[in-house]
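Visitor: I am new to this structure and would like to be guided through some of its helices and strands. Could we begin with how two of the helices meet?

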Amino acid sequence: MASPMRGDDDLNVPDSDAKRGDIGHSAGGRPVYRGTVAQAAARLASADTLLLTCHRGPDGDSVGSLVALASLLRAQGKKATLYNPDPVPRRLKWLPLAKRFSRKLGKKARYEVTVIVDCADAKLLGSTFPAREVTGDLIVLDHHSSAKPFGDLYLCDPEAASAGVLIARIADQLGWPITDDAAIGLYVSLVSDTGSFSYANSNPEAFHLAASLVEGGVDPWTVHAMLNERATLERYKILCKALETLELKLDGKVAFMTITRKMVKEAGATWDDTTDLVNYSRALDGVECGVLFTPAKFGGVRVSMRSKGAVDCGRICEEQGGGGHRAAAGCVIRGNMAKARSRVESALAQALDIEQSGEQPPSEPGADREAPAQASGALSQDISNPSESKSEPSDPQAR
Ligand SMILES: [Mn+2]
């Protein structure tokens with residue numbers, strides 16, 4: 001059985017209010033769309049002031065990679081500013097430098113180079129991404145196979161298990177020693193995107209890098225405990241409610257799960273508490289694809305999909321205006337819950353080559369009210385991770 005390529009990484013679904021803007025227009029010369037590690041390393045080494053960022057709704061890979069890169073650059077005497085408009089999730093706040101992320105840049109902030117990690121599409125940066133005169137040259141370090149090149153220097157290797165692997169390659173190229181803080185960041189990046197070395201992207205390079213990080217002093221249990229053994233009680237309460245909604249579809253090959261605003265409120269939880277709960281739907285015996293439906297931030301229904309490998313979630317979600325990986329993807333479907341469910345069920349029936357019974361899925365009055373269709377921006381997709389808000393969902397991450 002094919003195992004998931006990459007786990008919790010469907011955050012790479014464009015932000016609903018994102019505009020493409022002028023991201024990707026090169027200030028000087030033509031953009032390099034097949035950048036090499038050597039080229040990226042040379043540009044990083046020559047810059048003194050750098051802005052480091054990632055897609056909206058930062059996750060384990062992006063935050064881990066960014067703090068690692070920041071630590072490495074600072075050890076070389078460079079000025080590195082960490083930036084994301086969305087907050088670092090509580091689960092990752094303990095990481096070195098994680099509290100140093102700025103959510104807004106000063107008016108006079110200017111950088112020679114901006115590094116964007118783990119970002120498959122300029123749209124994922126959102127509409128608030130700073131202007132070219134602020135960012136300087138854009139270097140993109142990514143590992144999504146479905147990535148759409150942008151920036152001045154675009155380095156993307158789908159063979160890299162996580163974005164952190166690219167940071168490690170760059171450090172290696174430059175002969176920069178891995179700092180203690182960078183080691184933790186790189187390790188978190190690895191475990192986040194490989195499902196703790198369980199997905200199909202857990203390749204020898206990932207294990208070699210992990211081994212060298214552990215040799216350097218990273219303690220696997222400490223990292224695991226900080227990431228996964230600090231759940232809030234509210235998370236378990238919302239998990240209980242979510243599990244009660246589990247429903248098998250399409251000969252038991254698909255599991256649907258739903259979380260409504262009402263459920264989150266009743267559990268006293270935040271949307272941050274729902275991160276990765278979609279994985280429970282995939283983990284059922286016989287299920288090929290697990291799907292979580294939540295109300296989307298800007299209207300419509302947010303769909304998070306997780307596959308064991310047989311179904312290409314990334315392709316299905318891309319057809320619905322979203323995106324992601326084969327194993328983990330997401331999209332936002334305009335309209336109410338019933339419409340979203342029926343659309344997803346049809347797409348999955350086709351993907352699994354299962355004939356549908358023809359009966360329309362019953363509408364769910366309660367659920368429908370949770371996801372009003374909105375005229376503006378409903379088509380759009382939302383990756384934002386408003387974990388500080390009790391009323392808006394984040395997408396359970398992708399990576
Ligand atoms: Mn990633």
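Guide: In this predicted model, the axes of α1 and α4 come within 9 Å of each other and cross at roughly 70°. That crossing makes α1 roughly perpendicular to α4. On the α1 side the contact is made by V37, A38, A40, A41, L44 and A45, and on the α4 side by R169, I170, Q173 and L174.

Visitor: Why do the buried residues of α1 line one face of the helix?

Guide: The buried residues of α1, which spans residues 37-46, are A40, R43 and L44. An α-helix has 3.6 residues a turn, so residues three or four places apart point the same way. Seen down the axis of α1, the buried residues therefore line one face, since they fall within an arc of 100°.

Visitor: Which elements do the buried residues of α1 pack against?

Guide: Three strands and a helix are to be named here. The buried residues of α1 pack against β3 (113-117), β4 (137-142), β5 (153-156) and α4 (163-174).

Visitor: Which residue of β3 stands opposite T53?

Guide: Strand β1 covers residues 49-54, and 5 of its 6 residues are buried, so β1 is largely enclosed by the rest of the structure. β1 pairs with β3 in the parallel sense over 5 bridges. Opposite T53, the residue in β3 is I116.

Visitor: What is the bridge partner of L50 in β2?

Guide: β1 is also joined to β2 (residues 79-82) by 4 bridges, and these two strands run parallel. Together with helix α2 (residues 60-75), β1 and β2 make a right-handed β-α-β unit. Within β2, the bridge partner of L50 is A80.

Conventions: Residues numbered from 1 in each chain as written. Predicted model: local features only at pLDDT ≥ 70, side-chain atom pairs only at ≥ 80, totals over all residues. Buried ≥ 20, exposed ≤ 12 C-beta atoms within 10 Å, placed from the backbone. Arc of directions from axis to C-beta. Contact = placed C-beta atoms within 7 Å. Pairing = 2+ DSSP bridges. Right-handed = clockwise from strand over helix to strand, strands pointing away. Axes fitted to C-alpha atoms, helices over the stretch in contact; angles between N-to-C directions. Parallel < 35°, antiparallel > 145°, perpendicular 65-115°, else oblique.
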